[in-house]
Amino acid sequence: MSYFQMLNLSIQQLWHRPATRLYPQEVRPVIARSRGRVELQPSTCTLCLLCEKKCPTHAIHIDRTQRLFTLDRFQCILCGACESACIAKHAIVLSEHYAPPQTHRDVIIWPVPSTPPSLASTTKSQNKG
Amino acid sequence: MGKQTIIPFGPQHPVLPEPIHLDLVLEDEQVLQAIPRIGFVHRGLEKLAEKKDFQDMVYVGERICGICSFIHSVAFCQAMESILGIEVPERAQSLRGFWSELSRIHSHWLWMGLLADSFGFENLFMQTWKLRESLLDLVEATAGGRVIYGSCKIGGVRRDISLELITQAQTTLKALYTQHQILASIFENDTSIQHRTQGKGMLSKDKAYELGAVGPTLRASGWPLDARLLKYGTYQNLEFQPVVETQGDCYARMRVRIREVDQSFDLINQLLKKLPDGPVETKITGMPSGEHFERVEQPRGEVVHYLKGNGSKFLERYRVRTPTFANLPALVEILKGCTFADVPIIVLSIDPCISCTER
């Protein structure tokens with residue numbers, strides 16, 4: 001009797017599509033809340049250093065003199081600490097798209113354009129507080 | 001007395017997802033003794049607590065194990081909250097319970113697949129893991145990660161889930177429950193599975209208690225012991241009875257896990273029906289000073305997290321006693337007297353997780 005249960009299940013599968021995807025032709029749909037990769041919007045970043053301080057794996061390095069934001073994707077554990085620490089409006093976000101594979105162990109550098117004076121002053125006062 | 005032979009089993013073996021080495025002393029086909037050796041994946045995570053901020057240690061705690069990751073972080077956070085005297089909001093506790101039970105279901109399905117694979121039932125293995133894949137998609141949709149949930153933090157949870165997601169979760173879980181019933185019936189009734197598991201690896205009730213077994217290994221020998229009965233977190237509002245079997249063989253351990261999946265579905269239904277509103281996190285104040293001993297039920301059994309703080313942001317001592325470590329003496333005992341061909345199934349029946357054990 002029990003043999004027929006498994007046989008039944010197997011035969012049903014003959015009329016179904018495969019459970020796996022034919023990868024390059026059929027890509028997995030992106031799931032909205034996935035923690036895929038860290039992305040920076042350089043135009044809104046105020047270089048406040050909070051994300052660098054909060055990062056548990058020291059994946060973020062910020063050079064304020066040269067205005068460079070450096071991210072090491074190999075160090076990043078996608079915890080989302082930087083995203084929740086960010087005081088600028090969504091300057092650093094976790095995108096739902098996964099990072100593509102890399103052949104070399106290099107870092108990503110985003111040059112940050114100079115900030116409008118109003119935003120810079122807010123950041124400074126908040127940092128002091 | 002026949003000639004004795006020592007056969008090395010592991011650390012690399014097709015049925016073992018993780019490395020454990022056993023020296024099997026055989027007489028003909030019969031195992032006389034099994035000498036375990038662990039230490040292949042030691043990472044020194046406990047020592048790391050002395051150098052890492054206690055808030056960042058949650059990430060390390062979650063990475064102790066790749067299967068029961070979320071429950072490790074829950075245990076760490078609950079211990080830390082007790083030391084700091086933080087009250088966790090009810091909604092956060094319920095969400096922790098929700099993800100814990102999801103993690104229990106996917107762990108048991110992983111184990112059921114591996115069991116089918118261990119005696120060459122590839123078809124059933126694929127069917128089980130197909131189900132698990134749908135559940136992992138649900139985990140990703142709610143928590144953001146498939147394996148590392150990254151959702152637990154000291155004082156609450158990082159992410160809230162919307163009403164839309166709750167409805168989606170309920171629909172998915174309903175469909176998965178129906179499919180689980182079909183698989184459960186096959187696992188319980190198939191004659192080839194019964195032939196390979198019934199009467200194999202017997203662990204008597206007294207021996208299980210004496211050797212300090214935990215989790216499904218202990219419950220399959222007739223002890224109704226479950227750390228969730230301590231009513232930590234959200235379990236104080238849920239109604240459940242631990243799943244108990246009395247035979248103490250591999251088949252009983254399998255049935256306990258299958259019925260625990262049913263139980264987890266029931267617990268999630270109860271949780272989602274009365275999910276309270278409100279905040280999901282509270283602010284952390286102060287530095288940890290004092291010690292705490294936290295017991296939490298994982299898919300594999302009871303895990304113990306011991307934390308000791310000295311008033312600075314670094315912990316003085318962090319100790320984890322994982323369920324597989326507690327089940328190893330029982331494993332050595334039940335291997336005695338079995339035939340060599342049954343060793344893979346018996347080793348698998350305690351659901352060994354060696355990364356947990358060695359930390």
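Start by selecting every residue at the contact between the two chains, where contact means heavy atoms within 4.5 Å: chain A contributes 21 residues and chain B 33 residues. This is a predicted model, in which local features need pLDDT of at least 70 and side-chain atom pairs count only at pLDDT 80 or more, while totals for chains, interfaces and linings use all residues. Residues are numbered from 1 along each chain as its sequence is written, chains are lettered from A in the order in which they are written, and side-chain values use heavy atoms, with hydrogens and water left out.

Turn on the surface next. The area buried between chain A and chain B, that is, the accessible area (1.4 Å probe) that the two lose on being put together, summed over both, is about 2100 Å², with carbon and sulfur atoms giving 46% of that area. On the chain A side, colour Met6(A), Arg33(A) and Arg35(A), which lose the most area to chain B and together make up 32% of what that side buries.

Now show Arg28(A) and Asp137(B) as sticks: these residues form a salt bridge (a side-chain nitrogen of Lys or Arg within 4 Å of a carboxyl oxygen of Asp or Glu), and their closest N and O atoms are 2.7 Å apart. Between chain A and chain B the count is two salt bridges. To see which element of chain A gives the most residues to the side that touches chain B, select α1(A), which supplies seven; helices here are DSSP runs of H or I, at least four residues long, numbered from the N terminus.

Move to chain B and select helix α5, residues 122–143, whose 22 residues reach 31 Å from the first C-alpha to the last, close to the 32 Å expected at 1.5 Å a residue, the expected span being 1.5 Å times one less than the number of residues. After α5(B) comes Gly144(B), with a positive phi near 105 degrees.

Notes: Helix = DSSP H or I, 4+ residues; strand = E, 2+ residues; numbered from the N terminus.
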